[in-house]
Amino acid sequence: MIKKDDIKNNIDNPELLEKLYQEDRKAFSQAFFKIYDEIAENDIATFWKTRLEFTQQKEERVTVRKNDLFVVLLTYLVTAVLIKSPQIFGLNVIGDFFYIKNVGLIVFFGLSMYVFLTKKKLNLSHVLISLLVFAGSAVYVNLLPSNVMNDSIMLVYLHLPLMLWCLYGLVYINFDVKDVARRIDYIQYMGDLAILYAIIALVGGILTAVTLGLFDAIGLNIEQFYFEYIIPIGAVCAPIVATFIIKKLPFIKNQLAPIIAKVFSPLVLLTLIIYLSSILITGKNLYHDRDFLIVFNLLLLGVMAIIVFSLSETAKGEKQKFNEIILFILTILTLVVDLIALSAILYRLREFGFTPNRTAVLGSNLLIFVNLVLILIDLIKVNFKGRKISKVEIIIARYLPVYMIWTVIVVFGFPLIFGLQ
């Protein structure tokens, strides 16, 4: 892995810089732009900045080849067949349990398949490991009783997609667990994917309304077919299309992501302030209102995701003092939200005892609390000691395995600890 010091200490050695660049162009470019402000007065640094920016612009004018479209269509087709397999193969399923159990598996299997097929060099051991995890997870989750809806099983359904998200992360970074920079790249990719998926969903919603209206106008009712086939297939295949856009048409997401990060962070901060103030005014009691506590925790997860994504996007560009202050305040408020949620959970544990749901929420909130504290410590250094915000990304990237371990515990441990009945 190319480090920033490798470039900084050898800025006057053009031969060594060229060697480093040829070894890993992407890593070199990322490291260079993170330290450019420190070496901007150097003529060689100016030359490299011009060269790298020109290369980036050239890479953004990507030509989509027939092979690229074939891979997308093949992955799309496989994912579509998997999501509709009960209808295609006449499988006997109970209600919506097939989708509850398998939608996460199918989405991340499709994404992993696409990433593997687009790699220049395929590592068979990585493919086998991934297939074993997907196959094992599919057998495990589908063997769980479909006529029982207890808390342990529901937690498996909720946490299995998160565990597979971690597996997909390994696929995406080519199983290079030691390279923190690649984990950061995965976080940035997931932020871009979320944005593009939301846009695709919005466009799909408009297209659905127009299509149904047009067919209804000529006396054809295709609503049942559309909602039974087109929408489910589109929903699980949209991440593949979004990934294709990110990889092959980067100029699209490069225009969207920074704008959304800059707009969303202040809006979320304002919303959080108003929301917390409203709780105080209305006197809403989290300690006795279970449903409100659930909503509160969902809010916490959503804000946490915004913080991580905004940090990732802010770290890409030059120093942005306003964004850094917004993220600092937002992190403090989110910590307050987490502490309130933790106090409510501990109160309910003391009053009503341990259950799978309360244990899972407690564990998740504790993990988020520790992560937020680590982020806040680094943001204090960023805002008051001049530290680069890119350092915060490293903290987030290093903490990802902790979440992965927790999802594995919930998926495989909770049914054993709390039982299936």
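User: What makes asparagine 174 partly exposed?

Analyst: In this predicted model, asparagine 174 has a relative accessible area of 30%, and because partly exposed covers the range between under 20%, which is buried, and over 50%, which is exposed, asparagine 174 counts as partly exposed.

User: Where is asparagine 174, and what is its phi?

Analyst: Asparagine 174 lies in the loop between α9 and α10, and its phi is near 60 degrees, a positive value in a residue other than glycine. Phenylalanine 175 is placed in the loop between α9 and α10, and phi of phenylalanine 175 is near 60 degrees, again a positive value in a residue that is not glycine.

User: Why is the pair of glutamate 351 and arginine 350 called a salt bridge?

Analyst: The closest N and O atoms of glutamate 351 and arginine 350 are 3.6 Å apart, and since the cut-off is within 4 Å, the pair is called a salt bridge. By this rule the count comes to one salt bridge.

User: How do you know whether arginine 350 and glutamate 351 are buried or exposed?

Analyst: Arginine 350 has 64% relative accessibility, and because exposed means over 50%, arginine 350 counts as exposed. Glutamate 351, with a relative accessible area of 42%, falls in between the limits of 20% and 50%, so glutamate 351 is partly exposed.

User: Which residues touch tyrosine 189, leaving out those up to four places away in sequence?

Analyst: Tyrosine 189 touches Leu111, Tyr168, Tyr172, Thr243 and Ile246. In the largest nonpolar core, which has 46 residues, Tyr189 is one of the three that touch the most other members, together with Leu164 and Tyr168.

How values were computed: Residues are numbered from 1 along each chain as its sequence is written. This is a predicted model: local features need pLDDT of at least 70, side-chain atom pairs count only at pLDDT 80 or more; totals for chains, interfaces and linings use all residues. Side-chain values use heavy atoms; hydrogens and water are left out. A nonpolar core is a set of buried Ala, Val, Leu, Ile, Met, Phe, Trp, Tyr and Cys residues joined through side-chain atoms within 4.5 Å. Buried means under 20% relative accessible area, exposed over 50%, partly exposed in between (1.4 Å probe, protein chains only). Contact means heavy atoms within 4.5 Å. A salt bridge is a side-chain nitrogen of Lys or Arg within 4 Å of a carboxyl oxygen of Asp or Glu. Helices (H or I, at least four residues) and strands (E, at least two) are DSSP runs, numbered from the N terminus.
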